[in-house]
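Colleague: I'm new to reading structures, and I'd like a close look at one topic. Could you walk me through the salt bridges, and tell me which residues pair up and whether they are buried or exposed?

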Amino acid sequence: MQNNIKFLVGIILFCVLKFSYAQEVSNKEQITQLENQKMLVQNEEKALLKEAIEAINVRLDTNEISQEEASALKSAAAEKHALNIENRLAIIDNRIALLERNETVTQDTGANLDGLVIEIGKNKDSDTYDTGSIYVGPKTKKKPRVYDKRTTSDLVFAIGFNNAIIEGQSLNDSPYKIGGSGFVELGWAWKTRVFENSNAVRFKYGLSVQWNKLDIKDNLYFAEENDVVTLEEYPLNLSKSKFRTTNLVVPLHFEFGPSKKIERDDYFRYSTYKKFKFGIGGYGGVVLQSLQKLKYDENGSKQKDKFKNYNTNNFVYGLSSYVSWGNVGIYAKYDLSTIFKDQAIDQNNISLGLRFDMD
């Protein structure tokens, strides 16, 4: 029993000593790392200055500012980053002096800088440059920059006019109002560069919810009998007759267009900011719900009826395309699947509107 206790005490003492030893950090090693950080600080500030100068040149090229204003901004940027270098080097020198005065520095004294970084002009949560930001904190909280980010993501929002192509009829004879019929699409999309060394072609895919609404005119409404849906005249005067389907779809597009390559010391990116884009592809998914709303007056009393889940197709699929400049474009989509099942006259939904890719 005593041997077991001694053995246990020995293990505990060994663990305590090992933990204590792990807490101590070699001053010489820390000083060497800090000396190396001086060169990194200078290179980083020079890269940030280069980025700021490029942004000023873009504003100059687009006539947003004059040559005199550009020169003044460049001088201010150069002075700012020179001061940043001076201040940041002073911080490192003070930390070296602290280490040189002490034999050992433990992790909890605040003098160990191996896990601490000070960055001026960087957003700690992204790759963006923010001239007003200062980050002081552990390296572990900083996300490492990806050298080549081939896949990006963005929010997609589209809105516009909606109608239906009816077999044997033109849009001019459509029973649906042009102005009152509309669509809305909201989703999230990922975009992956197809070729390793070119951004000319991108594959765009995601998940979206589509709302397609038809505003029915001429006092008509959808009536369903024996799973057959037809447009019939309502016996009372309708003030509103609308039909809406809600779809969950997976859009798939190939996107073409030029881009600008931005190269830095530790990463590069392709930017399509203010560039022409053309996307072509399609979508497929499921119909979540179909709903018809009727409003009418009966004996002086306003009535409202809602009818759900008509005999619509369970699945929806179609073709879509967009032409964009930057983040805004013209968007068109056409359902190859008919709105209703087993109809004598097929109806296919069609939409045209604006698309916003908010990356």
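Modeller: Happy to; here is a tour of the salt bridges, pair by pair. Keep in mind that this is a predicted model. The structure holds 15 salt bridges, and we can visit a few of them.

Let's start with Lys191 and Glu255, whose side chains meet in a salt bridge at 3.4 Å, N to O. Lys191 sits in strand S6 (residues 182-195) and Glu255 in strand S10 (residues 238-256), so this pair ties together parts that lie 64 residues apart in sequence. Both Lys191 and Glu255 are buried.

Now turn to Arg355 and Asp357, which also form a salt bridge, with 3.0 Å from N to O. Arg355 counts as buried because its relative accessibility is 3%, and buried means under 20%. Asp357 has a relative accessible area of 4%, so Asp357 is buried too. This pair has company: Arg355 and Asp357 belong to a network of salt bridges that also links Asp154 and Lys204.

For a contrasting setting, look at Glu263 and Lys261. Their salt bridge has its closest N and O atoms 4.0 Å apart. Glu263 is exposed, with a relative accessible area of 52%, while Lys261, at 40%, is partly exposed. The cut-off explains the two labels, because exposed means over 50% and partly exposed covers the range between that and the buried limit of 20%.

As you turn the model, try finding Arg355 and Asp357, which are buried, and then Glu263, which is exposed.

Methods:
Residues are numbered from 1 along each chain as its sequence is written. This is a predicted model: local features need pLDDT of at least 70, side-chain atom pairs count only at pLDDT 80 or more; totals for chains, interfaces and linings use all residues. Side-chain values use heavy atoms; hydrogens and water are left out. Helices (H or I, at least four residues) and strands (E, at least two) are DSSP runs, numbered from the N terminus. Buried means under 20% relative accessible area, exposed over 50%, partly exposed in between (1.4 Å probe, protein chains only).
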